[in-house]
Amino acid sequence: LALYKDGNFDLWNPRTGTGGRIAISDLTQVPNLYEFSPDGHWLLLAQIQTASAADPTVVELKTHKFVDSLRGHTGTVLGMAFSRDGKKVVTACEDGKVRVFSVGDWKLLVTLSGHQGPVHRAEFSPNGEWIASAGEDQTVRVWSAEDGSLLQTLSESQEPLLNVAFAPDSSFIVASSEKIVLSWQRQRGN
């Protein structure tokens with residue numbers, strides 16, 4: 001678990017009860033969105049108050065320094081997630097697009113277009129095969145993580161969707177709005 005406060009990230013491992021603090025001295029404004037890589041090597045920062053760029057910033061945790069950014073966003077990034085193997089990052093953006101980047105060189109691999117309005121969250125499936133994205137257009141879209149092709153559009157919601165997640169075995173997708181939670185069972189082959 002991580003919490004940002006007063007220029008520091010306080011970390012706590014609920015399994016071991018241990019924690020620590022990371023200070024990023026170059027960070028002078030509050031990040032409203034942040035994501036740690038599964039291996040603890042990288043920290044992504046977005047929605048940095050008063051920052052002019054929409055692109056998330058990459059921090060190498062070993063040095064506590066800014067090393068790159070995830071370039072190409074034309075709106076505010078609303079969600080970020082690493083793949084479970086830590087090799088890719090997906091971003092959900094106010095511009096209606098989902099972008100996939102490679103970790104380490106931070107190159108844009110593919111831009112996923114199809115949502116009609118802001119995308120609030122995008123997430124890799126635990127098995128790494130799919131990406132699900134949830135948007136204000138009241139849909140969840142399921143994409144191939146390999147080539148970015150659209151596999152399925154789930155449109156049963158009557159409200160903008162703010163969150164999306166896969167079950168641990170990737171067999172279900174769950175999405176939520178401010179008032180409802182929807183669940184879909186994944187079909188074999190999709």
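Trainee: In what order do the 3 strands of the open sheet stand?
Mentor: Keep in mind that we're looking at a predicted model. The sheet is open and its pairing is antiparallel. Strand 1 (2-5) and strand 3 (18-23) sit at the edges with a single partner strand each, so one side of each has no neighbour in the sheet. From one strand to the next the twist averages 20 degrees, and the strand order is 1-2-3.

Trainee: How many bridges join strand 2 to strand 3?
Mentor: Strand 2 covers residues 8-13 and runs antiparallel to strand 3. As a spot check, look at L11, which stands opposite G20 in strand 3. The number of bridges joining these two strands is 6.

Trainee: How many strands does the protein chain hold?
Mentor: Don't go hunting for helices here, as the count is 0. For strands, the count is 18.

Trainee: Which residue meets D95 in a salt bridge?
Mentor: Side chains of opposite charge can pair when their charged atoms come close. For D95, the N to O distance to its partner is 2.7 Å. D95 has 21% relative accessibility, so it counts as partly exposed. The partner has 4% and counts as buried; it's R99.

Trainee: Is R121 buried or exposed?
Mentor: R121 forms a salt bridge with E123, with the closest N and O atoms 2.8 Å apart. Its relative accessible area is 17%, and the cut-off for buried is under 20%. That makes R121 buried.

Trainee: How far apart are the closest N and O atoms of D137 and R141?
Mentor: Both of these residues are buried. They form a salt bridge, one of 5 in the structure. Their closest N and O atoms are apart by 3.4 Å.

Trainee: What radius of gyration does the protein chain have?
Mentor: Start with the box: along the principal axes, the C-alpha atoms fill roughly 45 × 40 × 35 Å. A compact globule with 190 residues would come out near 16 Å, and the chain's value agrees with that. The radius of gyration is 17 Å.

Trainee: What percentage of the area exposed by the protein chain do carbon and sulfur atoms supply?
Mentor: Of the 190 residues, 44% count as buried. Among contacts with a separation of 6 or more, 34% come from residues 24 or more positions apart. The chain exposes about 9800 Å², and the carbon and sulfur share of that is 47%.

Key:
Residues numbered from 1 in each chain as written. Predicted model: local features only at pLDDT ≥ 70, side-chain atom pairs only at ≥ 80, totals over all residues. Heavy atoms only, no water. Salt bridge = Lys/Arg side-chain N within 4 Å of Asp/Glu carboxyl O. Buried < 20%, exposed > 50% of the residue type's maximum accessible area, 1.4 Å probe, protein only. Pairing = 2+ DSSP bridges. Helix = DSSP H or I, 4+ residues; strand = E, 2+ residues; numbered from the N terminus. Axes fitted to C-alpha atoms, helices over the stretch in contact; angles between N-to-C directions. Rg over C-alpha atoms; globule rule 2.2 N^0.38 Å. Contact = heavy atoms within 4.5 Å. Areas by Shrake-Rupley, 256 points an atom, 1.4 Å probe, with all protein chains shown as cover.
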